[in-house]
Structure formats: structure tokens, C-alpha cells
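This report describes one protein chain, starting with its strand pairing and ending with the chain as a whole. The sequence and the structure come first.

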Amino acid sequence: MGKQSEQLRDLSSRYEPGRKIWVAAVKELSHRIIVLKQDHSQLSLQAPQCTDTVPDLNNMVSAVQALVAQCEDLKIKYYEEQAKRRKLHNQIEDAKGNIRVFCRYRLLSKTEASVGCSIIVDFEATGNGELGVLNSGSTKKTFRFDRVFTPSDNQGSFVPD
């Protein structure tokens, strides 16, 4: 019996560190289960509130889509009216006998580029017939033309409106 008792103590001492690890792991898992149950109960309380907002979000998305469509429609109508206004304006100018002024900007030549010249023309407002020339420093002088042709326009771009 003493020998069996000794073997049992020996076996018990070998498994004791593993048993402590398993006990600690079970305690940790039990704690995680408690935390998860608390999170689940909080989410269960919040779920109905979230489902109530889904129709509101769908309504907002529909409203935004309708506004975007309306904006696109208005933009198309605006461009059509802009073209009509420009055509009528040109007819009036032709009837008065006014001279039209056009400006075509050319790219830098190889010689100009090789000596370090840089482009000093601002094409941002060319759609409105304006051409900005950057002076020394950061000042810009703006000129107004009936039409401004940019470097991206080709020779066939000249079509009076």
C-alpha cells in the first residue's frame, strides 16, 4: 500500500502543474462567457432600435437619389439654356456688326523650352472666354475673349457658337 501511495503521489505531482494550467484556463473561459453574455444582452436591447432606423435610412437614400437625379436634370437644362443664350447673343453681336476676338494659345517651342521658359498662362476659366496671364510674382492679369482655344484644342476647334 505504501508503494501504491508513493506512485499515486508521484503521478499526482507530475500532473499538478498541468492541472493548475487547466484550472486557470477554465476560470478564464468562464469569465469570457460572462462578458459575452453581458454583451449579448446589451446588443439584444439595442437591436430593435437599429431595426427601427433602417426604414429611415432607406428613405434618406431614396431622397438623396431623387435629389441627385433632379440635379443632373437641372444641369442638363442649364447647359441647354446656356447654349441658347450664347447663340442669341452671337446673333445680336453679328447684327450689330461687332468684331469677334479669339485667342489661341500655342505650346512652348523647343527653343523656348530649352532656355528655361515656362508656361505662364492659366486656362482655368477658358470656358468663360477668360485667359489669365501670370505676371512676376503671384499676380495674374485676366483678359476676356469671345473664345479661348487651349493647347488641347485642335485646329478644327474653331466653330462659332
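In this predicted model, strand β2 is joined by two bridges to strand β3, which spans residues 130-134, and the two run antiparallel. One of the residue pairs across β2 and β3 is Asp-122 with Gly-132, its bridge partner in β3. Val-121 stands opposite Val-133, also in β3.

On to the pairing of β3 with β4. These strands are antiparallel too, and five bridges connect them. Val-133 faces Lys-141 of β4. Val-133 therefore has Val-121 opposite it as well as Lys-141 in β4, in keeping with the strand order β2-β3-β4 of the open, antiparallel sheet. The edges of this three-stranded sheet are β2, residues 121-122, and β4, residues 140-144, each of which pairs on one side only. Strands of a sheet are held together through backbone hydrogen bonds, in a parallel or an antiparallel sense.

The residue pairs named above are listed here.

| Residue | Opposite residue or bridge partner |
|---|---|
| Asp-122 | Gly-132 in β3 |
| Val-121 | Val-133 in β3 |
| Val-133 | Lys-141 in β4 |

Two residues outside the sheet can be placed as well. Gln-91 lies in helix α1, which covers residues 2-96. With a relative accessible area of 45%, Gln-91 is partly exposed, because that value falls between the limits of 20% for buried and 50% for exposed. Gln-91 and Glu-124 are 33 residues apart along the chain, and their C-alpha atoms are separated by 27 Å.

Ser-109 sits in the loop that links β1 (102-104) to α2 (110-114). Its relative accessibility is 29%, so Ser-109 also counts as partly exposed. From Ser-109 to Lys-75 the C-alpha distance is 39 Å, with their positions 34 residues apart in sequence.

How many helices and strands does the protein chain have? There are two helices and five strands, and from the N terminus on they follow the order α-β-α-β-β-β-β. The radius of gyration is 40 Å, whereas the globule rule gives 15 Å for 161 residues; the chain is therefore more spread out than a compact globule. Along the principal axes, its C-alpha atoms fill a box of roughly 130 × 55 × 30 Å.

Burial and contacts complete the account of the chain. Of its 161 residues, 9% count as buried. Among contacts between residues at least 6 apart in sequence, 37% join residues at least 24 apart. The accessible surface amounts to about 13,800 Å², and carbon and sulfur atoms account for 60% of this area. The side chains include 23 positive and 20 negative ones, and the centres of these two sets are 5 Å apart.

Methods: Residues are numbered from 1 along each chain as its sequence is written. This is a predicted model: local features need pLDDT of at least 70, side-chain atom pairs count only at pLDDT 80 or more; totals for chains, interfaces and linings use all residues. Side-chain values use heavy atoms; hydrogens and water are left out. Helices (H or I, at least four residues) and strands (E, at least two) are DSSP runs, numbered from the N terminus. The radius of gyration is taken over C-alpha atoms; the globule rule is 2.2 Å times the number of residues to the power 0.38. Buried means under 20% relative accessible area, exposed over 50%, partly exposed in between (1.4 Å probe, protein chains only). Contact means heavy atoms within 4.5 Å. Accessible areas come from the Shrake-Rupley method with a 1.4 Å probe; for residues, only the protein chains shown count as cover. Lys and Arg count as positive and Asp and Glu as negative; His and the chain ends are not counted. The place of a charge is taken as NZ of Lys, CZ of Arg, CG of Asp or CD of Glu. Two strands pair if DSSP finds at least two bridges between them.
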